[in-house]
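Hi everyone, thanks for making time. Let me put the structure up, and then I'll walk you through a few parts of it.

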Amino acid sequence: MRRRTLAWALGLVAAFAFVAAGCGGGGGSSNNANNNAGNGNTTAATNSGTLTVAIGSEPPSLDPGLATDTTSSYVVMNINTPIVKLGPAPDLKPRPALAQSWDVNGNSVTLHLRSDVTWTDGTKVTAQDVVWSWLRTISPQLGADYAYQFYGIKGAQEYNGCKPSASNNQCNDLKNKVGLSAPDATTVKIQLTSPQPWFMQQLSHVSFIPVSKTAVQKYGDKWTAPGHIVTDGPFKLTSWKHDNSLTLQKYDGWYNASQVKLNTVNLKIITDGSTALQAFNAGNVDVNDTGWPVSETSSLKQKPEYHQFPALGIYYYGFNVKQVTDVNQRKAMALAIDRKTIVENITQAGQVPAPSFTPDGMPGASTINTGSDFLKPTADMTLANQYMSKVKSPVKNITLIFNNAPGHKEIAVAIQSQWQKLGLNVTLKQQDWPQFLQFLGPPPNSSVDAFRMGWVADFPDDINFLSVLECGGGNNYTNWCNKQFDQDLKQATASSSQSQRYQLYQQAEQILTGKNGDMPIAPIYWYTYADLQKSTVQGYKINPMDEIDLSQVSVSQ
Amino acid sequence: MLKFVVRRVLWTIPIILLVILMVFGMMKEIKGSPFRRTERAVPAAVMANLNRKFGLDRPWYVQYERYVRDVFTLDLGPSLVLRNQDVNGIVEEHFPVSAELGGLAMLFAIVVGVPLGVISALRANRFTDYAAMLVANVGFSVPAFLTSTLFIYFFAGKWGGFTGLPTNGWDTWSAKVLPVIALGLGPLTYFARLVRGQMLETLQQDYVRTAKAKGLRWRRVVGVHVLRNSLIPAVTAAGPLLGFIVTGSFIIENIFAIPGIGRYYVTSVEGRDYSTVMGITVLLSILIIVANMVVDILYGVLDPRTREART
């Protein structure tokens, strides 16, 4: 009697267990056959032609005008043809893509487009498409974050700042005054506000990619959905399961389709680094671009699957110069940071200790970073203490704020202990991203003495880095203003001689981090990009702008 | 019965209004803008345009009224962060996934937890009981993110060849096994302990002894008389447990890369996506209210005494 109940209950449990296991075990082989959408749940197809990549987040938008994050850019850059592509480091010179040639004459830039680029709906990509798309991105209605990339074009900033209220005429007038025109199907004429020698390189940015007027006008906000979306790149978007995966298929109508070796690219959205690592180890993905737990880095670095690429990006601490007023204290604090220890023991992904704001990978860095040896990779406590003793009324209580992404806290704790050696009492404050940004302003909240920040280049010219610290700039959270610094940048913008520009950048850099500089910021390290790739994957490179060109990638058997 | 249901449904409206007000207030309190996602500053003109486009420049009562109207007309508006998607679409696409995950986890918890509790009670203070309760307690104490990661590491990673289980996803039957077990483990233990406790108490009751004395088969005594009374606390717990499953699902969804609504919920709060947060909060509130209502009805079905008391 009791035994029967027991047997009945146990039987139920056992039945469930068998069903569960059966679904798992028996389903294994049929899963491969059923994977029509190529989700690659079990062993990834390593037959040549299919690549499966783990990416770290859902792309918020595949509209080139709205793509601000790296995941969106990754997809958008590979399903579209950018105006130009960037050549290899160190020069990162612009290379023909949609524009096969160009003329630069002071403030005037003329692009000559290829005539054989087609949209996936069969129509040709024209210069009118380019002009229409750029005006759309600059338009106040779209609210594009990256509209500022276009501010170098005459009239763009004014049009973007227009209030689209009842009297639309004012905005339309401003729109007509923007320095863009398409005299014929393959020519784009651009009027700039000043000669900007980096403009051609800037055109490689995702925000300049043209969109299909037909698709946008027909589908409105939903134009990026698979089935609606129309693109012109080596791959086309065939499936997008939100928060799950994206599938790209080779577009045979691309002008260079014969060079593209991949047929299908599966992008699996795996946000958790530990899961992504498991998926890579189990063979579910060919490339892990999501990442992995930081503690695994030192062991992963030994493996041949680990790939590391230099980046044009910097991790730095900024000072609120209205609070930490004495330049000697700022210099002392910058000198006290042991960059080498942080890079070797905390971040461990081959980052480079940064003695200057401008990264060594920046074109012209050999000139720009000449004399950038005041700050060293290791701490110089003797010199730091010397500067500290010169400070008349030192700010002993320092509040350091940073956002709550992984890694920042460990670095903050390390630097806190380094600054304590100067006799400073450092309080750490961690905030979530939107609140953190709110605190920084600009101008920063008065409770902020020092903060953590980063910057990644929009285009490979040092003006993009140095202008972060322009007086009153939207990215300058330091309250710092220096007439000479701004003057140097202004002159560089107006100059058409590359060597003169690099000299001016060098002067500006010295004002930032040189011996007689102002030290509004303390550089810490220059970024690297790292990922894991199976040995069957070739040509998968991350360039210093964090771009990956899938048309160069192949997967061997 | 009908009066009961109608009254409950009518109560839902003021509760929802209160929930919207509270969430609205909290979201405004934590500050931050949905339009700054990277370290790049957004030009003031663009920020102004965006705020205008999404109505964030209106006074707070106008915004509140807008949200209330959106909820009651079931058109929750566009997402502020995922610019080409709207909240209705997000909910339609991802809520069924979470519902399935939660439902299966609940089913797993009941199907394994209740018999476990029954066995433990019947073999009280013997080896079976201790073993079962040990398993149950471990399942309850170990946090979900740890169980999930360990499951993936062992069952999908190291022994993946034998089990054929994938490391992540929700597309195939085999992908659903580990997340369901990981999520259901907590409620399972809860059910097991509740059933065990109640059953032990019921087994001491006079009417059980009477039934045995009358000569009824033991299986009938347990199955008909004891079990029904023992399930009452488990049923009562099921309502709030649903809330636990819903919030626990975020962790599970994140680790197993499951495209459910829980993940969206937390990322929307972090991203200050007001419309999505509002939409999902209301959805979840209605869910919990309905679940509790169902539980109350079931309670009446299981225990005739409460039925009498209500009418």
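**A sheet, some helices and a contact**

Let's start in chain A, where strand E5 (residues 108-113) and strand E7 (residues 187-191) pair in the antiparallel sense over five bridges. Before I go on, keep in mind that this is a predicted model. If you want one spot to look at in that pairing, find A:Thr110, whose bridge partner in E7(A) is A:Lys189.

On the other side of the story, E5(A) also pairs with E4(A), again in the antiparallel sense, over six bridges. Here you can pick out A:Trp102, which has A:Leu111 in E5(A) as its bridge partner. E4(A) and E5(A) make a hairpin with two residues between them, and A:Gly106 in the turn has a positive phi of about 65°.

Now zoom out a bit. What is the order of the strands in this open sheet? It goes E4-E5-E7-E6 in chain A, four strands with antiparallel pairing. Strand E4 (99-105) and strand E6 (180-184) stand at the edges with a single partner strand each, so one side of each has no neighbour in the sheet. From one strand to the next, the twist averages 20°. And there's a helix lying across E5, E6 and E7 of chain A: that's H3(A), residues 127-138, running at about 165° to E6(A).

Okay, next stop, still in chain A: a couple of helices with buried residues. Helix H10 (residues 327-336) of chain A has eight of its ten residues buried, so the rest of the structure largely encloses it. Among the buried ones are A:Arg330, A:Lys331 and A:Met333. What do the buried residues of H10(A) pack against? Strand E12 (306-319), helix H13 (381-390), H14 and E17, all of chain A.

Helix H11 (residues 339-347) of chain A has A:Arg339, A:Ile342 and A:Val343 as its buried residues. Look down the axis of H11(A) and those buried residues fall within an arc of 95°, so they line one face of the helix. A general reminder here: an α-helix has 3.6 residues a turn, so residues three or four places apart point the same way. The buried residues of H11(A) pack against strand E13 (352-353), helix H14 (408-420) and strand E17 (521-533) of chain A.

Right after H11(A) comes A:Gln348, in the loop between H11 and E13 of chain A. A:Gln348 has a positive phi of about 55° although it is not a glycine. Is A:Gln348 buried or partly exposed? It's partly exposed, with 17 other C-beta atoms within 10 Å.

While we're on backbone oddities, go to the loop between H15 and E16 of chain A, where you'll find A:Pro442 and A:Pro443. A cis peptide bond joins A:Gly441 and A:Pro442, with omega about 10°. Another cis peptide bond joins A:Pro442 and A:Pro443, with omega about 0°. For context, most residues other than glycine have a negative phi, and most peptide bonds are trans.

Let's move over to chain B. How many helices and strands does it have? It has 13 helices and zero strands. Its C-alpha trace spans about 85 × 60 × 30 Å along the principal axes, and of its 311 residues, 42% count as buried.

One helix pair to look at is helix H4 (residues 87-122) and helix H8 (residues 173-203) of chain B, which pack at an angle of about 35° with their axes 5 Å apart. H4(B) passes H8(B) in a right-handed crossing, and the residues of that contact divide into 25 nonpolar, five polar and three charged. In the loop between H4 and helix H5 (127-141) of chain B sits B:Asn125, with a positive phi of about 60° although it is not a glycine. B:Asn125 is exposed, with 9 other C-beta atoms within 10 Å.

Last bit: where the chains meet. The contact takes 63 residues from chain A and 62 residues from chain B. On the chain A side, H1(A) gives the most, with 16 residues. By class, that side has 23 nonpolar, 29 polar and eleven charged residues. One residue to find there is A:Ala282, in the loop between H8 and strand E11 (287-288) of chain A. A:Ala282 touches B:Ala156, B:Gly157, B:Gly160 and B:Thr167, and with 22 C-beta neighbours inside 10 Å, A:Ala282 counts as buried.

Methods. Residues are numbered from 1 along each chain as its sequence is written. Chains are lettered from A and ligands numbered from 1 in the order in which they are written. This is a predicted model: local features need pLDDT of at least 70, side-chain atom pairs count only at pLDDT 80 or more; totals for chains, interfaces and linings use all residues. Two residues are in contact if their C-beta atoms, placed from the backbone, lie within 7 Å. Ala, Val, Leu, Ile, Met, Phe, Trp, Tyr, Cys and Pro count as nonpolar, Asp, Glu, Lys and Arg as charged, and the others, Gly among them, as polar. Axes are lines fitted to C-alpha atoms, for helices over the stretch in contact, and angles run from 0 to 180 degrees between N-to-C directions. A crossing is left-handed if the near helix is turned anticlockwise from the far one by less than a right angle, and right-handed if clockwise. Two strands pair if DSSP finds at least two bridges between them. A residue is buried if 20 or more other C-beta atoms lie within 10 Å of its own, exposed if 12 or fewer, and partly exposed in between; C-beta atoms are placed from the backbone. The arc is that of the directions from the helix axis to the C-beta atoms.
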